[in-house]
Number of protein chains: 2
Amino acid sequence: VKLIQELIVIDPKSDIPIYLQIANAFSLSIRQGRLRKGLRIPGSRETARLLNVNRMTVVAAYSELEAQGWLEMIPRKGAFVRTSLPVLAPKQLSEIQSFPKTPETTGFPFNTKKAIPFNTSRSLQVEKLIFNDGFPDVRIAPIGSLIRAMRRLLYLPSFSKSLVYGNAQGTPYLRETLSVFLNDTRGMPVASENILITKGAQMGLYIAASIILKPGDHVIVGQPGYVTATLTFQQLGAIIHTIPVDDSGIDMDKVEKLCQRKKIKLVYVIPHHHNPTTVTLIPERRMRLLELAKKNKFAILEDDYDYDFHYTSKPIMPMASMDNSGNVIYIGTYTKTLAPAIRFGFMVAPASFIHTATQVRKSIDTQGDTLMENAIAELHRDGTITRHIKKSVKLYKERRDNLCMLLQTSLNSHITFKIPDGGMSIWAKFNTADLHEVSKIAEVNGLLIGNGKIYDSPTVKYNSVRIGFASLNFAEQEKAVDILVKSVHESGKHHLESK
Amino acid sequence: VKLIQELIVIDPKSDIPIYLQIANAFSLSIRQGRLRKGLRIPGSRETARLLNVNRMTVVAAYSELEAQGWLEMIPRKGAFVRTSLPVLAPKQLSEIQSFPKTPETTGFPFNTKKAIPFNTSRSLQVEKLIFNDGFPDVRIAPIGSLIRAMRRLLYLPSFSKSLVYGNAQGTPYLRETLSVFLNDTRGMPVASENILITKGAQMGLYIAASIILKPGDHVIVGQPGYVTATLTFQQLGAIIHTIPVDDSGIDMDKVEKLCQRKKIKLVYVIPHHHNPTTVTLIPERRMRLLELAKKNKFAILEDDYDYDFHYTSKPIMPMASMDNSGNVIYIGTYTKTLAPAIRFGFMVAPASFIHTATQVRKSIDTQGDTLMENAIAELHRDGTITRHIKKSVKLYKERRDNLCMLLQTSLNSHITFKIPDGGMSIWAKFNTADLHEVSKIAEVNGLLIGNGKIYDSPTVKYNSVRIGFASLNFAEQEKAVDILVKSVHESGKHHLESK
């Protein structure tokens with residue numbers, strides 16, 4: 001039974017206790033059919049010798065396997081792989097074939113139109129060079145600190161309760177802390193009752209829209225604009241009106257005119273670094289939008305996801321900090337400060353609205369992860385978040401400058417862009433090449449870059465894309481630009497050849 | 001300037017570097033107005049002496065404060081609290097008063113009916129004795145292991161990408177692992193394409209219902225039943241039909257009859273330990289429901305949140321494991337295995353349904369926390385979850401038996417209950433006392449217990465409540481029962497007195 005040594009490989013450095021490594025290896029082999037039912041397995045003494053471990057370790061492994069129902073111990077005979085494996089034990093291959101497989105489709109109708117048709121759903125968790133949509137560099141994110149804070153809180157008596165059901169609005173600790181942060185950084189006169197902790201900005205957007213909008217309601221968004229938001233409003237049955245975005249943000253004359261013709265319920269704005277064009281809504285237009293909202297009783301959904309990342313001047317005060325008539329729902333996120341996959345964000349609004357939003361959140365996912373919420377509060381309190389933002393802003397500014405320089409010198413008249421005041425991407429228009437083609441060729445050459453189709457309207461083809469600069473260091477930027485340049489040239493040749 | 005020693009208390013054991021502790025204490029004092037604008041603060045040498053730290057530490061603190069904009073360094077004069085604090089710096093009290101406060105109510109209409117009117121929203125994160133609804137004991141939960149797994153993955157090159165945007169359906173690693181677990185533990189022939197990772201069972205319920213139901217659609221639930229589910233369906237505009245639940249689960253004759261009269265779109269069942277009555281749906285009725293679903297083309301929403309916790313026999317195979325016509329949407333959760341505040345669950349369904357559900361999830365919160373999802377997968381792989389379930393089942397069985405014994409001997413004919421086969425609570429009917437009154441008196445006496453009102457229908461008053469046994473050890477159970485007995489007796493006296 002030398003087989004044992006083949007089947008069981010012990011990793012002394014693993015966090016898994018050795019007896020469990022042995023037990024797991026045995027149960028896996030039984031499930032895979034490599035140790036057949038009824039087989040007598042070597043005694044603990046022999047196995048211990050073969051594996052070069054203490055006999056008591058093997059005894060512990062066997063008793064775990066017996067408890068799990070894999071082995072049976074027959075007195076004076078030894079340990080055997082159970083012949084009557086548990087009813088719900090894994091099936092043999094032959095059994096599986098006669099067993100019903102989960103059907104491909106449903107036996108009942110359902111509303112496939114509910115699916116948000118956002119098609120750029122590819123995961124970025126790949127080992128490839130990516131010009132993303134404008135995401136942070138997770139390599140510098142203080143996630144180690146976040147995990148340490150979780151561990152510390154876990155063993156603190158005053159926080160030990162934070163694993164049971166808590167407050168759906170978010171933990172009081174995080175809301176208190178965040179209200180101070182919002183007061184300090186953006187002059188927002190909020191208390192913890194004005195805050196709902198969400199999973200990223202998107203949940204805030206979804207909840208706010210689902211409370212404000214009924215099917216047939218009129219919504220204003222910028223054009224070009226943030227596609228996911230538009231699709232979320234459409235999913236709720238809203239009628240979308242697009243208003244052009246120029247270098248100072250959404251055109252307020254056009255908003256005002258539309259308000260005279262339609263009963264507008266909601267205006268969606270990204271005040272800093274508008275997605276996709278990266279422009280900032282100027283103070284004058286902010287004031288004007290507030291007046292229009294007050295007069296026409298519509299809600300402003302202020303999606304300030306990028307507030308903390310402004311490079312050339314101080315960021316502009318949010319409309320939420322100047323709103324004295326309760327027309328602004330403010331949305332922010334930690335996904336840009338920490339990491340996209342650490343899903344925390346917040347909604348700020350009048351308390352009556354937050355109350356309804358909290359109840360809606362209960363029906364969606366009951367509540368948030370309170371241990372992690374408290375850990376984020378800790379990172380505020382010990383200064384980690386503020387320091388990380390400072391550090392990121394410095395780094396991303398350098399990366400912005402470097403990428404702009406690289407693009408300018410190597411693509412020259414092939415593309416047009418303005419240096420963005422903040423955010424994490426450049427909005428670049430391709431002048432000579434077809435972006436769709438460039439994107440396809442670049443992927444073959446080892447670089448992922450969007451093809452810009454999602455921004456196009458039926459009447460306007462922008463041939464433009466967001467080029468994220470924050471997540472790539474100088475060396476990566478250089479490599480990515482090289483591939484992009486090559487791809488632009490190849491796409492040109494391809495054209496000539498096909499002519 | 002002895003003040004420095006009062007304002008700054010250094011904690012040598014803290015994780016925060018000392019220079020930052022000093023900087024944070026200074027900025028707090030400035031914000032609180034204890035160090036007024038323009039004040040000259042002691043030089044680094046003097047401060048270092050006063051605080052008994054190295055001078056370079058103070059220099060680092062001052063330079064941090066200068067960078068943050070709290071201090072200004074005037075050459076040859078020293079460090080001063082900035083007179084022109086940043087535009088967005090906190091306001092003085094007098095300024096705050098002239099500053100707009102966030103309004104109480106909104107300046108636009110919104111749909112308050114969207115709020116799920118579930119009123120038992122009190123947080124359980126309190127230092128009180130609680131007979132909860134049937135929740136696990138988080139004191140034994142392997143959260144330390146979960147956090148360790150997160151940390152390990154964070155520094156593993158192959159997982160370093162899991163902080164950027166990933167797969168909204170859940171990480172492939174967790175879905176692969178979970179599909180094996182579901183095959184092994186409940187004979188469900190599923191692949192990772194059949195799984196959507198959610199935030200707890202509630203998100204699965206919400207997403208499934210929002211895809212299947214349109215306003216006016218007919219839904220069947222048990223009576224008494226799980227109130228949150230019913231409210232979620234109502235929120236989506238569904239018409240609710242209640243069918244009595246007896247000792248074997250929902251009455252299938254009545255379901256069949258209703259199907260002849262109404263076009264049923266969805267039947268909601270809790271197959272193990274029905275909430276609130278704790279009964280298990282017997283196999284015969286499961287088969288019958290599957291046939292009815294196939295014939296009438298309705299969806300079965302099988303909410304098996306309590307599957308792993310069965311004490312007297314093996315749990316019964318889910319309907320999802322026998323469904324060959326795609327009528328079952330299966331919902332499970334990790335909140336009972338790990339902790340209510342660690343929000344993970346899963347939906348299992350035909351791939352076409354999971355595709356739509358994933359797109360809906362994108363509009364709700366983009367995706368899950370992928371680092372944590374992968375950490376849960378690790379706890380499956382190293383056997384932690386299986387061991388924890390075994391350990392919990394053993395412990396909760398003892399606690400169930402102990403609490404049943406205590407209630408029987410001390411309340412005798414005052415209450416009636418059946419010993420539940422599994423789950424984490426007892427469904428107890430109060431015979432002599434008014435439960436609403438008992439609940440109020442118990443709270444005064446130091447015990448939280450529900451008043452059972454949420455289970456009542458317009459026609460039936462159950463005077464019953466779920467008494468959770470899993471989260472209390474023997475000593476706590478004894479103390480809680482003592483208070484309950486006392487409260488029952490007091491409620492009786494109160495009655496006599498008021499007569």
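Within chain B, B:Ile197 has B:Phe346 of strand S12(B) as its bridge partner. This pairing belongs to a predicted model, and it offers a way into the surroundings of S12(B). B:Ile197 lies in strand S5 of chain B, which spans residues 195-198 and pairs with S12(B) in the antiparallel sense over 4 bridges. A further partner of S12(B) is strand S11 of chain B, residues 328-333, again antiparallel and again over 4 bridges. Here B:Gly332 is the residue that stands opposite B:Phe346.

The side chains of a regular strand alternate between the two faces of the sheet. In S12(B), residues 345-348, B:Gly345 and B:Met347 are on one side, while B:Phe346 and B:Val348 are on the other. These four residues are all buried, and both faces of the strand are thus covered.

The description now turns to the contact between the chains. The size of an interface is often expressed as the accessible area lost when the parts come together. For chain A and chain B the buried area is about 10,400 Å², with carbon and sulfur atoms giving 61% of it. Chain A contributes 125 residues to the contact, and chain B contributes 125 residues.

Polar interactions also link the chains: 30 residue pairs are in polar contact, both residues being at pLDDT 80 or more. There are 2 salt bridges between chain A and chain B. One of them joins A:Asp369 to B:Lys199, with the closest N and O atoms 3.5 Å apart. On the side of chain A that touches chain B, helix H12 of chain A (residues 351-365) supplies the largest share, 10 residues. By class, that side of chain A comprises 57 nonpolar, 40 polar and 28 charged residues.

Notes:
Residues numbered from 1 in each chain as written. Chains lettered and ligands numbered in written order. Predicted model: local features only at pLDDT ≥ 70, side-chain atom pairs only at ≥ 80, totals over all residues. Heavy atoms only, no water. Contact = heavy atoms within 4.5 Å. Buried area = accessible area lost by both parts, 1.4 Å probe. Salt bridge = Lys/Arg side-chain N within 4 Å of Asp/Glu carboxyl O. Polar contact = N/O pair within 3.5 Å; in protein donor to acceptor, adjacent residues only side chain to side chain. Helix = DSSP H or I, 4+ residues; strand = E, 2+ residues; numbered from the N terminus. Nonpolar A, V, L, I, M, F, W, Y, C, P; charged D, E, K, R; others polar. Buried < 20%, exposed > 50% of the residue type's maximum accessible area, 1.4 Å probe, protein only. Pairing = 2+ DSSP bridges.
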